[in-house]
Amino acid sequence: MPSFLDRDRTIAPPGYNRWLVPPAALAVHLSIGEVYAFSVFKTPLVTHFDSSLTAIGIIFSIAIVMLGLSAAFGGTWVERNGPRKAMTVSMACWVTGFLVAALGVATDQLWLVYLGYGVIGGIGLGIGYISPVSTLIKWFPDRPGLATGLAIMGFGGGALVASPLTSRLLDAYADRPQDAIAPTMLTLAAIYVVLMSLGAWVIRVPAQGWTPPGFSSGAAVVAAARRPGLGHGAPVDLTANQAIRTPQFWLLWTVLFCNVTAGIGILEQASPMIQDFFSDVDATEAAGFVGLLSLCNMAGRFVWSTTSDHIGRKPIYAIYLGIGALLYLVLALSGTSGVGLFIVTACVILSFYGGGFATIPAYLKDLFGGLQVGAIHGRLLTAWSAAGVVGPLVVNRVADHQDAAGKSGADLYTLSFQIMVGILVVGFAANALVRALPRTRAGSAETPVGEGK
């Protein structure tokens, strides 16, 4: 790759304004966040390929699986090569994924859509997702929750833009949405190549030893040690290989898996779901519902992660998982009472879903330190891969089974919501077991890392 992409070319000069970095992160995350608008494509794809919800839902699941795997395997590479090169690779994969998927639609080859949007695009999702996270944590060591909220807010908001845009393009390019899928995908690819390239051009990393004015690393350690929920102790500085050998890592893996599974079950099926619950909701209104969910997803990433800087990561996850379980129970028991209740409940659930993503990097920093937080974060995102399969599979399989049994409307989803309640309770228990690690030497591979007591 050209030297322009090398990490050394992205080091910020003295006096650089750190608030220029979040817009660069948002440019990339708003682009790849389009994946959350996939449900707008879902019904047209089912009609175009004369397929089932489950078969088309697999496209989304493959993309999320590849997101987690590429983030896990690429995390160390991203840390070493810097955000500009990572963002450029992400752009190349994400845009190529759209092009291959469009070809698959045009030639009636569903496997090409799996390969393009799912596999190739999914790799772009993973690399693009983690590329700005550790960079923003380095720029904002005084407010890590705010930093990760800024970094990841755009991903949640991607569908806020993409959902209505996709719906309009599908209407504009052909009389029937199933005939407009390919040109819509090509148009989105053209938009994203420009937006993501701008983000890669603007991004910068702080110089070695840089800290914001008035920031004290010692005071930050003390504050982290006193943060509610984790007990006594300060964050240790572990490598990614050390972190994955601790029970704390796997407890957080379980926490993220449960929170994502519950949220993604609604998000992936949002457009057809609200139409099944309320027959008077049309496709355009359903696309607006997807956009509203994305707004709540995006707002939750900023509001809840920033709140975690004050009340602690562990208490905020207790809210995500505990109240989330109660809200899913409300949907299961009375979701058909009115469209307003359904929308409000779903929006709060999605705000918790987004908040969970934005808070987890700061949670990892509190536990494992900032030495390789980007690489650790990447490996933890395999939980997202697993959830990306389980969440949509539960919702789609149950819906297909209930449909085959002659049921319709809300009855297609009630059992799924009850299953999500149980999953969130498991996550709540896992979060309750998380404890701070004892202090150890920074980055020492041979040093014991504790038992989580």
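This is a short talk through one predicted protein model, from confidence scores to helices, salt bridges and a few single residues.

Okay, housekeeping. The model is predicted, so to speak of local features we ask for a pLDDT of at least 70, and side-chain atom pairs count only at pLDDT 80 or more, while totals for chains, interfaces and linings use all residues. Residues are numbered from 1 along each chain as its sequence is written, and side-chain values use heavy atoms, with hydrogens and water left out.

Let's start with confidence. pLDDT is the predictor's confidence in each residue, from 0 to 100. The protein chain averages 86, and 91% of the residues score at least 70. Helices here are DSSP runs of H or I with at least four residues, and strands are E runs of at least two, numbered from the N terminus. Among the elements, helix H4, residues 83-106, has the highest mean pLDDT at 97, and helix H9, residues 217-226, has the lowest at 53. Then there's the stretch over residues 440-453, where pLDDT is below 50. That stretch still has 31 contacts in the model beyond near neighbours in sequence, a contact being heavy atoms within 4.5 Å. Where pLDDT is low, the predicted coordinates should not be read in detail.

Now, helix H7. This one covers residues 144-173, which is 30 residues. The expected span is 1.5 Å times one less than the number of residues. That gives 44 Å, and the end C-alpha atoms are 44 Å apart, so the two agree. Where is the kink in H7 centred? On Gly156, with a bend of about 35 degrees; the bend is the angle between axes fitted to the seven residues ending at a residue and the seven starting there. H7 is also mostly covered, with 22 of its 30 residues buried. Buried means under 20% relative accessible area, exposed means over 50%, and partly exposed is in between, using a 1.4 Å probe and protein chains only.

Next, salt bridges. How many turn up in a search of the whole structure? The search finds 6. A salt bridge here is a side-chain nitrogen of Lys or Arg within 4 Å of a carboxyl oxygen of Asp or Glu. I'll show three.

One is Asp142 with Arg18, at 3.2 Å, N to O. Asp142 sits in the loop between helix H6 (133-139) and H7, and Arg18 in the segment before helix H1 (21-32), so this pair ties together parts 124 residues apart in sequence. Asp142 is partly exposed at 32%, whereas Arg18 counts as buried at 12%.

Another is Glu79 with Lys138, at 3.6 Å, N to O. Glu79 is in helix H3 and Lys138 in helix H6, so parts 59 residues apart in sequence get tied together. Glu79 counts as buried at 19%, and Lys138 is partly exposed at 32%.

The next pair is Arg313 and Asp366, at 2.8 Å, N to O. Arg313 is in helix H14, residues 313-334, and Asp366 in helix H15, residues 339-368, with their positions 53 residues apart in sequence. Buried or exposed? Arg313 counts as buried, at 1%, and Asp366 is buried too, at 9%. This pair isn't on its own, either: salt bridges that share partners join Asp309, Arg313 and Asp366 into one network.

Arg313 brings us to Ser305, since Arg313 is among the contacts of Ser305. Ser305 lies in helix H13, residues 283-311, and is buried, with a relative accessible area of 0%. Its side chain reaches the backbone oxygen of Phe302 at 3.2 Å. Leaving aside neighbours within four places in sequence, the contacts of Ser305 also include Gly145, Leu146, Gly149 and Tyr320.

Ala71 is another buried one, also at 0%, and sits in helix H3. Not counting residues up to four places away in sequence, Ala71 touches Gly126, Ile130, Gly378, Arg379 and Leu381.

Last stop, the loops. Asp50 has a positive phi of about 50 degrees although it is not a glycine. Asp50 is in the loop between helix H2 (38-49) and helix H3 (53-81), and is exposed at 72%. Asp108 also has a positive phi without being a glycine, at about 60 degrees. Asp108 lies in the loop between H4 and helix H5 (110-130).

Key:
Polar contact = N/O pair within 3.5 Å; in protein donor to acceptor, adjacent residues only side chain to side chain.
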